[in-house]
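Me: Hi! Could you walk me through this chain?

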Amino acid sequence: MVSRHTPRTRARDIDRALVCGRLDTAYTDGQLDFGEHRDRTTRAMSAKTLGELADLVRDLQPPENPGGLAVPPPGRRSGLRRAVAVTVAVTAAAVGAAVMLSDRDGPVPGPAAAREQPAAPVAAPDDGVDPIVVTPVRPLEPGGFEAVLASVRDRFGDTVVYRLVLYPERAHIERALPDEPGRIATYTYAGGAMRAQPVTVQRFPGYQDFDLGAVDAGAVSARIAEAPALVGLPDGAVSHVSFAHDGTPAMNIYVESGDATRYVKILFDGTVLRVF
């Protein structure tokens, strides 16, 4: 049977997650430095097609395991779909994928810090909870952040997280495992339901947990609306908003316009720190 996948085929969340896992492996074995890893991971999480995902791993060496992703040589564009398809099939079997959501601003660890701990993903516990589907929520629209916050509180009993990323149709919540705080579990919130992802990842050095309850929800909505003008791309659109505590608890709002991408870093009370 001939596959209908082409470089223009729309990517799924699992495709994005598995390519992020491949990038994690490349960072761990030294193919990518900290900044490259974070940049490519951010691009992977917002990629729209299989071709965009394959381009992010095209120059990487294949994993050590024989079932790793084989990236086609330059000029063989028809192999793009195969690169991502193989990633989906074999990485699930090897449990080698990890969802890593990244912004581009943060401390860069030295080579020793980057390799102090093994970064191989491990299985996250299956909580056995089936999500309840309710009215769909758009996290970047007014009221979206509050809906995600309420879902986190309902699911976990508190609003402490390691990282939160809001997208137009979904949100990704990262929390430390209760019995292993150095490992981070990821949950996807979409359509009013929250699902746990099957793997965990290593905590980045210097990043701290924080309370989403400290975020001014009104400031989030206001700054999202103002972000295109703030970054100098008035015709642009907000692609995602990342909340993290890398020494300074803040949110990064990313704006895209054509081939241009810029972002603004804002404190949880709405104070603008810097435009990048």
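Me: Where's a good hairpin to look at?
Reply: Try β8 and β9, which form a hairpin with two residues between them. Gly258 sits in that turn with a positive phi of about 65 degrees. Strands here are DSSP runs (E, at least two residues) and helices are too (H or I, at least four), numbered from the N terminus. By the way, this is a predicted model: local features need pLDDT of at least 70, side-chain atom pairs count only at pLDDT 80 or more, and totals for chains, interfaces and linings use all residues. Residues are numbered from 1 along each chain as its sequence is written, and side-chain values use heavy atoms, leaving out hydrogens and water.

Me: In what sense do β8 and β9 pair?
Reply: Antiparallel, over eight bridges. Two strands pair if DSSP finds at least two bridges between them. Ala250, for instance, has Leu267 in β9 as its bridge partner.

Me: And what about β7 and β8?
Reply: Strand β7 (residues 237–245) pairs with β8 (residues 249–257) in the antiparallel sense, over eight bridges. Val238 is opposite Val255 in β8. Their hairpin has three residues between the strands, and Gly247 takes a positive phi near 115 degrees there.

Me: New topic: is Arg38 buried or exposed?
Reply: Arg38 is buried, with a relative accessible area of 3%. Buried means under 20%, exposed over 50%, and partly exposed in between, using a 1.4 Å probe and protein chains only. You'll find Arg38 in helix α2, residues 34–45.

Me: How many helices and strands does the chain have?
Reply: Seven helices and 10 strands. Of its 276 residues, 46% count as buried.
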